Amino acid sequence: MRNSLRTGAVATLLAGLSLMPTAAHATPGGPGVTAKLLAPTTTVGGKDYTLREITIPPGQGTGWHFHDGTLYGRVVQGTLSHFDASCGSDGVYSKGDFLTEPGGSEHVHIGQNRGTTDVVLQVLYVLPHGAPFSEDASNPGCDFE
């Protein structure tokens, strides 16, 4: 029930925010991975809320990383393959699917586009005020990047 409420709240927030394209402040992974700011950052109670659109071309990925806060994403296009530090898949997300990435260095992960069309994600970042969108991490020993 709690996950359903959270998913509904995130969906409502993503749908309700106005799309105001501005310059991206991206930390892209592989070649061609881009980020576009969709709504200006709002700070409430010491947390920054930022809505971005991430595009991952076929054959590319985000690189290994983690976040200092929680991310809530929705797949707008394509299929995202998501892997955690155990090198195992922790989800395959297609158009319309929602995903959550918990914060903290113990949640190292990578997102990859193993399909033939761009993966487009709308992502709500909920981060401590002033934190970067992501922190680079070393490959945890997986035989892929």
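In what order do the five strands of the open sheet lie? The order is S1-S2-S9-S4-S7, and the strands pair in the antiparallel sense. This report describes that sheet, the chain around it and two side-chain links, as they appear in a predicted model.

**The chain as a whole**

The secondary structure consists of one helix and ten strands. Along the sequence the helix comes at the start of the pattern, which reads α-β-β-β-β-β-β-β-β-β-β. The chain has 145 residues, and 39% of them count as buried. Its accessible surface amounts to about 7500 Å², and carbon and sulfur atoms account for 55% of that area. Contacts across the sequence can also be described by their separation. Of the contacts between residues at least 6 apart in sequence, 72% join residues at least 24 apart.

**The open sheet**

The sheet named at the beginning has two edge strands, S1 (34–44) and S7 (98–101), and each of these pairs on one side only. On average, neighbouring strands of the sheet are turned by 20° against each other, with direction ignored. Strand S1 pairs with strand S2 (residues 47–56) over eight bridges, and the pairing is antiparallel. Within this part of the structure, Thr 43 stands opposite Asp 48, a residue of S2.

**A salt bridge between S1 and S2**

Side chains of opposite charge can pair when their charged atoms come close. How many salt bridges does the structure hold? The count is one. The side chains of Lys 36 and Glu 53 form this contact, with a distance of 3.7 Å from N to O. Lys 36 belongs to strand S1 and Glu 53 to strand S2, and the two residues are 17 apart in the sequence. The partners also have their own surface classes: Lys 36 is partly exposed, at 34% relative accessibility, whereas Glu 53 is buried, at 19%. Because buried means under 20% relative accessible area, the value of 19% places Glu 53 in the buried class.

**The disulfide**

The structure contains one disulfide. The bond joins Cys 87 to Cys 142, with an S to S distance of 2.1 Å. The torsion about the S-S bond is about -95°, and therefore the disulfide is left-handed. Cys 87 lies in the loop between strand S5 (79–84) and strand S6 (89–94), while Cys 142 lies in the segment after strand S10 (135–136), so the bond ties together parts that are 55 residues apart in sequence. Cys 87 has a further feature in its backbone: its phi is positive, at about 75°, although the residue is not a glycine.

Which of the two cysteines, Cys 87 or Cys 142, counts as buried? Cys 142 is buried, with a relative accessibility of 9%, whereas Cys 87 is partly exposed, with a relative accessible area of 28%.

**The linked residues side by side**

The table lists the residues of the salt bridge and of the disulfide.

| Residue | Relative accessibility | Class |
|---|---|---|
| Lys 36 | 34% | partly exposed |
| Glu 53 | 19% | buried |
| Cys 87 | 28% | partly exposed |
| Cys 142 | 9% | buried |

In the salt bridge, partly exposed Lys 36 meets buried Glu 53. In the disulfide, partly exposed Cys 87 is joined to buried Cys 142.

Terms used:
Residues are numbered from 1 along each chain as its sequence is written. This is a predicted model: local features need pLDDT of at least 70, side-chain atom pairs count only at pLDDT 80 or more; totals for chains, interfaces and linings use all residues. Side-chain values use heavy atoms; hydrogens and water are left out. Helices (H or I, at least four residues) and strands (E, at least two) are DSSP runs, numbered from the N terminus. Buried means under 20% relative accessible area, exposed over 50%, partly exposed in between (1.4 Å probe, protein chains only). Contact means heavy atoms within 4.5 Å. Accessible areas come from the Shrake-Rupley method with a 1.4 Å probe; for residues, only the protein chains shown count as cover. A disulfide is a pair of cysteine sulfur atoms within 2.5 Å. Two strands pair if DSSP finds at least two bridges between them. Axes are lines fitted to C-alpha atoms, for helices over the stretch in contact, and angles run from 0 to 180 degrees between N-to-C directions. A salt bridge is a side-chain nitrogen of Lys or Arg within 4 Å of a carboxyl oxygen of Asp or Glu.
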